[in-house]
Amino acid sequence: MYNKENFKIKETPIILGIESSCDETAAAVIFGRKLLSSEIISSATEQAKYGGVVPEIASRAHTDAVDEVVRRALKSADITANQLDGVAVTYGAGLLGALLVGLSFAKGLAYSLNIPLIAVNHIRGHLAAAYLVDEDLKPPFITLLASGGHTAILHTKSYTQFEVLGGTCDDAAGEAFDKVARVLGLPYPGGVNVERLARSGQNTVKLPPSLVRNSTRMQFSYSGLKTAVINAVHNAEQRGEAVSREDIACSFQHAAVDSLVKKTVECALARGINTVTAGGGVIANGYLRDTLTKACQKARLKCILPEKKFCTDNAAMIAAEGLTQYLAGNFAQMSLNATAQIPLG
């Protein structure tokens with residue numbers, strides 16, 4: 001392993017990021033904040049046969065793909081492994097077996113090159129995706145996090161510190177999208193198919209908002225919203241009425257997104273912060289992106305959204321967060337283990 005005593009942190013390092021938390025095997029290279037390459041080998045098509053991610057299949061797919069995807073990333077970046085200054089890897093949260101594949105590969109590579117191993121929290125990776133859009137972005141800013149496992153509004157105070165201003169008290173927004181997709185008979189992955197169906201519908205089905213009313217703190221809830229969608233579909237079927245899947249998808253999308261956008265903007269204004277960012281797979285949703293952008297424009301706030309391809313799981317965001325940890329001198333030991341769950345705060 002690298003010698004800490006002789007190691008000097010570079011201002012503009014070359015970082016390799018590796019991501020294998022779910023069904024995407026990904027690798028990316030950044031030079032400072034400049035993205036040099038981003039490669040993904042996905043097992044989503046195989047997972048779709050089973051209606052969702054099967055952990056064992058995902059782990060096997062990562063094992064087959066991780067070496068190849070790293071080779072592609074280095075080739076696309078036009079560098080050799082010997083030019084790397086650090087290897088950043090997702091160690092959690094995610095599927096344990098899948099995480100271990102990427103982590104084991106990263107450990108071996110970092111050890112062989114005698115460079116730092118950088119442990120990256122997958123959720124912090126989603127937050128760091130905004131840095132890929134604006135190389136001059138600096139904290140503080142308000143971040144809307146919406147993914148399959150987390151939903152929260154955060155005050156990013158510094159590159160390494162954030163405060164949770166509000167979050168879900170039960171299910172995450174992304175999980176709700178996937179559940180509603182199954183109720184509507186849509187294939188995996190659910191979120192993108194709900195959005196596609198919603199484009200042909202109208203917001204005419206009465207559903208509860210995702211914001212918890214009369215709460216002592218800002219909280220969101222998606223469990224009741226999911227149940228309301230299930231009841232709307234089943235009640236119509238029991239009455240022998242035609243179910244407009246398009247209208248249900250559209251109405252659900254409004255109920256799931258509108259409160260998030262409203263409260264994100266309110267948090268920025270209340271704290272006197274003029275920049276809003278977002279991260280997580282749900283941020284790829286076109287309705288959310290349009291609604292948040294327009295709300296920020298109306299409030300005269302700067303809105304920075306990652307490209308859609310950097311909202312879903314990817315290694316570019318892992319490399320971006322890896323850069324933050326590298327510059328802070330936060331390096332991992334070879335004893336680092338993967339973990340399925342990591343607290344948001």
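Here are some friendly notes on the overall build of this predicted model and on a few backbone spots worth a look.

1. **Secondary structure and overall dimensions.** The protein chain carries 10 helices and 11 strands. Its radius of gyration is 21 Å, close to the 20 Å that the globule rule gives for 345 residues, so the chain is as compact as a globular protein of that length. If you like to think in boxes, the C-alpha atoms fill one of roughly 70 × 50 × 35 Å along the principal axes.

2. **Burial and contacts.** Of the 345 residues in the protein chain, 53% are buried. Among contacts with a separation of 6 or more, 73% are between residues 24 or more positions apart.

3. **Surface and charge.** About 15400 Å² of the protein chain is exposed, and carbon and sulfur atoms supply 48% of that area. The chain has 34 positive and 32 negative charges, and the mean positions of the two sets are 5 Å apart.

4. **The cis bond at Ala93.** Do pause at the peptide bond from Gly92 to Ala93: the model has it as cis, with omega near -5°. As for where this falls, Ala93 sits in the loop that runs between strand 4 (86-92) and helix 3 (96-113).

5. **The cis bond at Pro189.** Tyr188 and Pro189 are also joined by a cis peptide bond, and omega there is about -5°. Pro189 belongs to the loop between helix 5 (173-183) and helix 6 (190-198).

6. **Positive phi at Asn114.** Moving on to phi, Asn114 is a residue other than glycine with a positive value, near 60°. You will find Asn114 in the loop between helix 3 and strand 5 (117-121). Is this residue buried or exposed? Asn114 falls in between: its relative accessible area is 41%, so it counts as partly exposed, the class that lies between the 20% limit for buried and the 50% limit for exposed.

7. **Positive phi at Arg300.** Arg300 is not a glycine either, yet its phi is positive at about 60°. The residue lies in the loop between helix 9 (286-298) and strand 11 (302-304). With a relative accessible area of 76%, Arg300 is exposed, since the cut-off for that class is over 50%.

8. **Where to look.** For a quick tour of the backbone, you could visit the cis bonds from Gly92 to Ala93 and between Tyr188 and Pro189, then the positive phi values of Asn114 and Arg300.

Definitions and conventions. Residues numbered from 1 in each chain as written. Predicted model: local features only at pLDDT ≥ 70, side-chain atom pairs only at ≥ 80, totals over all residues. Heavy atoms only, no water. Helix = DSSP H or I, 4+ residues; strand = E, 2+ residues; numbered from the N terminus. Rg over C-alpha atoms; globule rule 2.2 N^0.38 Å. Buried < 20%, exposed > 50% of the residue type's maximum accessible area, 1.4 Å probe, protein only. Contact = heavy atoms within 4.5 Å. Areas by Shrake-Rupley, 256 points an atom, 1.4 Å probe, with all protein chains shown as cover. Lys, Arg positive; Asp, Glu negative; His and termini not counted. Charge placed at Lys NZ, Arg CZ, Asp CG, Glu CD.
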